[in-house]
Amino acid sequence: MAKKANYRKIHSNSYYEPEELAKCVDLTVQTIYAHIPRGLPADMSKKPYNIYGRNAKEYFRRLYDNKIQKEHRDEIICNCCGKVFDITLSDAEAIFTGRFYNPKKAQIRVFGHCPFCPCKFSRFKSTTAIKGMIPGARIPIANITTRGE
Ligand SMILES: [Zn+2]
């Protein structure tokens, strides 16, 4: 998959069959099919598959911008599949590392599994990243374990 999709030509509000999308972005239809298990969202309930332009555009944008894209403080970008998820909603654990960025901002290590693929992730974040955690989230701030406790 060395060749990049010319995804800027995709119309956000159009639906594409794989063949049409291939033509639009200047790739082979085989390449389009190869992207589907890697995260290109497609309605596979009937053939030919149906791909929503906005989803395809977003998928390719994320795929190619991965290296320069910066995670928001409360996000994880999976190194495997490139999908972005909210750490407060993922099945993650957080551990206080014992370090502080400043007196009010502790460093935590957040780790767990990507919700979209089998890969694991591990990131250093600050406590401010998880402050807005919704009630019922898997890692409420009170549950952050302190090393040595
Ligand atoms: Zn993943």
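Which residues of helix H1 (residues 18-25) are buried? In this predicted model, the buried residues of H1 are Pro18, Leu21 and Val25. Viewed along the axis of H1, these residues lie within an arc of 60°, so they line one face of the helix. An α-helix has 3.6 residues a turn, so residues three or four places apart point the same way. The buried residues of H1 pack against two strands, E1 (15-16) and E2 (51-52), and against two helices, H2 (29-35) and H3 (53-65). Directly after H1 comes aspartate 26, which has a positive phi, near 65°.

The helix belongs to a protein of 149 residues, 21% of which count as buried. Its secondary structure consists of three helices and eight strands, and their order along the sequence is β-α-α-β-α-β-β-β-β-β-β. Among contacts with a separation of 6 or more, 49% are between residues 24 or more positions apart.

Not every position in H1 is buried. Alanine 22 is also in helix H1, but this residue is partly exposed, because 18 other C-beta atoms lie within 10 Å and a buried residue needs 20 or more. Leaving aside residues up to four places away in sequence, alanine 22 touches Leu27, Thr28, Val29 and Ile32. Two of these residues, Val29 and Ile32, fall within the range of H2 (29-35). In the other direction along the chain, tyrosine 7 is 15 residues from alanine 22, and the C-alpha atoms of the two are 10.0 Å apart.

The buried face of H1 leads to the largest nonpolar core. In soluble globular proteins, nonpolar side chains tend to be buried together. This core has 14 residues, and those that touch the most other members are Ala5, Tyr7, Leu21, Val25, Ile51, Ala56 and Phe60. The elements giving two or more residues to the core are H1 and H3, and H3 gives the most, with three residues. Leu21 and Val25 were named above as buried residues of H1. What does alanine 56 touch, not counting residues up to four places away in sequence? The residues are Tyr7, Ile10, Tyr16, Leu21, Leu40 and Ile51.

A second core, separate from this one, has eight residues, including Ile76, Cys78, Ile87 and Ile108. One of these, Ile76, falls within strand E3 (residues 75-77). Glutamate 75 is also in E3. Is glutamate 75 buried or partly exposed? With 17 other C-beta atoms within 10 Å, glutamate 75 is partly exposed, because a buried residue needs 20 or more. Beyond residues up to four places away in sequence, glutamate 75 touches Val84, Phe85, Asp86 and Ile87. Ile87 is itself a member of the second core. The C-alpha atom of glutamate 75 is separated by 8.3 Å from that of threonine 88, which is 13 residues away along the chain.

Further along the sequence, strand E6 (residues 105-113) and strand E7 (residues 120-126) run antiparallel and are joined by seven bridges. The two strands form a hairpin, with six residues between them. Within this pairing, glycine 112 stands opposite phenylalanine 121 in E7. In a regular strand the side chains alternate between the two faces of the sheet. Ile108, one of the residues of the second core, falls within the range of E6.

How values were computed:
Residues numbered from 1 in each chain as written. Predicted model: local features only at pLDDT ≥ 70, side-chain atom pairs only at ≥ 80, totals over all residues. Helix = DSSP H or I, 4+ residues; strand = E, 2+ residues; numbered from the N terminus. Buried ≥ 20, exposed ≤ 12 C-beta atoms within 10 Å, placed from the backbone. Contact = placed C-beta atoms within 7 Å. Pairing = 2+ DSSP bridges. Arc of directions from axis to C-beta. Core = buried A, V, L, I, M, F, W, Y, C linked by C-beta atoms within 7 Å.
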